Amino acid sequence: MSGFFYPSSPQELALRISALLSAADLPVNRCSAIISPHGSLDYSGAIAAKAWKAAAGRDVGTIVILSPSHRSFEQGIFMPEAHYFSVPTRTFKVDRLAVKELLHCSTSLSLSDIPHFEEHSIEMQLIYAAQCFPEALILPIIVSGADDQALDGLFSNLHFILGKRLESTLFVLTSNLAVDEDADTCLRRSADFLESIEKEAPTRIHRFCDSAPSFCGARIIAGYMRSAFSEGTRPHLFGLGSSAALAEAGEPIVGYAALGFSR
């Protein structure tokens, strides 16, 4: 998505991300997990920067990025065959040991680069990771229509294999919020979804899960909140916005938010 969702020039991209992070005036929060949008830099960049800024005080060795699929593909949970993911400002190593261990834990996970091709949501997180945690390994996971049982198994296996590395692991759950023709309705529906997270009610999130294209990562977020990773943490909202200011006539309005989970 280089040159379309964000600048293809490494220098220009670095300056844009640096400016967005500097403008995200947040206290050091050391979040163990964040919810970050994946619109283009113009549309959701300022909101995504708040999410990444909220975790920037930590020493992170591994970034687990969980993304919904935006392409027509078979159902399942997919990890990459690739050893590297690149954006103009950084090339990241995939945590191949974690991939191998996850595959040994479950037969419900698949190894395939195909769902990762042209999937912008993970890529839109890496442009921030390149400045916030440039030395971290990444574990990119795409969830395509997986049910709750499969997601619960994934998070349980992640908890098992990460073990002592949990303290240096950042979870990135990427999701956009409501999609609506009306800007006010978009924000209202987005705020309703966020209230479910802030009230720590993952079961309530289920009513948002089947309203595609809205709340594309809702099922992933609910799965994280049911998991052992969220125990002892509280969600914090850092920003809410939409694409209304830039949307052309007749273009749907998309909601975006930045949240973090911290102790």
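No disulfides are found in this predicted model, the count being 0. For Cys31, the closest cysteine sulfur belongs to Cys132 and lies 12 Å away, which is too far for a bond. Cys31 is buried, with a relative accessibility of 0%. Cys105, by contrast, counts as partly exposed because its relative accessibility is 31%.

Helix α5 spans residues 148-162. Its 15 residues extend 21 Å from the first C-alpha to the last, close to the 21 Å expected at 1.5 Å a residue. The buried residues of this helix are Ala150, Leu151, Leu154, Phe155, Asn157, Leu158, Ile161 and Leu162. Viewed down the axis of α5, these buried residues fall within an arc of 165°, and they therefore line one face of the helix. The face turned away from the buried side carries the exposed residues Gln149 and Phe160. Gly163 follows α5 and has a positive phi, near 45°.

Salt bridges were examined next. A search of the whole structure yields 13 of them. One of these contacts involves α5: the side chains of Asp152 and Arg226 meet in a salt bridge with an N to O distance of 2.8 Å. This pair links distant parts of the chain, since Asp152 belongs to helix α5 and Arg226 to helix α8 (residues 218-226), with their positions 74 residues apart in the numbering. Asp152 is partly exposed, at a relative accessible area of 34%. Arg226 also falls in the partly exposed class, at 31% relative accessibility.

A salt bridge is also formed between Arg219 and Asp210, whose closest N and O atoms are 3.1 Å apart. Salt bridges with shared partners join Asp148, Asp152, Asp210, Arg219 and Arg226 into one network. Within the Arg219–Asp210 pair, Arg219 counts as partly exposed at 22% relative accessibility, whereas Asp210 is exposed with a relative accessible area of 69%. A further salt bridge connects Arg204 with Glu195, the closest N and O atoms being separated by 3.3 Å. Arg204 has a relative accessible area of 24% and is partly exposed; Glu195, at 31%, is likewise classed as partly exposed.

Several backbone features occur in the loops that flank α7. In the loop between α6 (183-198) and α7, Glu200 adopts a positive phi of about 55° although it is not a glycine. Glu200 is partly exposed, with 39% relative accessibility. The loop between α7 and α8 contains Phe215, another residue that is not a glycine and yet has a positive phi, of about 50°. Phe215 is buried, at 2% relative accessibility. Pro213 is located in the loop between α7 and α8, and the peptide bond that leads from Ala212 to Pro213 is cis, with omega near 10°. Arg207 likewise lies in the loop between α7 (202-205) and α8. Arg207 is exposed, with a relative accessible area of 52%. The C-alpha atoms of Arg207 and Leu162 are 31 Å apart in space, the two residues being 45 apart in sequence.

The relation between sequence separation and spatial distance was also computed for Ile63. This residue is placed in strand β2 (residues 62-68) and is buried, at 0% relative accessibility. Ile63 and Gln125 are 62 residues apart in sequence, and their C-alpha atoms are 10 Å apart in space.

On the surface, Leu187, Leu237 and Leu240 form a nonpolar patch with about 210 Å² of accessible area together. Leu240 is part of strand β10 (residues 234-242). With 36% relative accessibility, Leu240 counts as partly exposed.

Technical notes: Residues are numbered from 1 along each chain as its sequence is written. This is a predicted model: local features need pLDDT of at least 70, side-chain atom pairs count only at pLDDT 80 or more; totals for chains, interfaces and linings use all residues. Side-chain values use heavy atoms; hydrogens and water are left out. Patches are made of residues with over 30% relative accessible area and no salt bridge: like charges are joined within 9 Å, nonpolar side chains (Val, Leu, Ile, Met, Phe, Trp, Tyr) within 5 Å. Accessible areas come from the Shrake-Rupley method with a 1.4 Å probe; for residues, only the protein chains shown count as cover. A salt bridge is a side-chain nitrogen of Lys or Arg within 4 Å of a carboxyl oxygen of Asp or Glu. Helices (H or I, at least four residues) and strands (E, at least two) are DSSP runs, numbered from the N terminus. Buried means under 20% relative accessible area, exposed over 50%, partly exposed in between (1.4 Å probe, protein chains only). The expected span of a helix is 1.5 Å times one less than its number of residues. The arc is that of the directions from the helix axis to the C-beta atoms. A disulfide is a pair of cysteine sulfur atoms within 2.5 Å.
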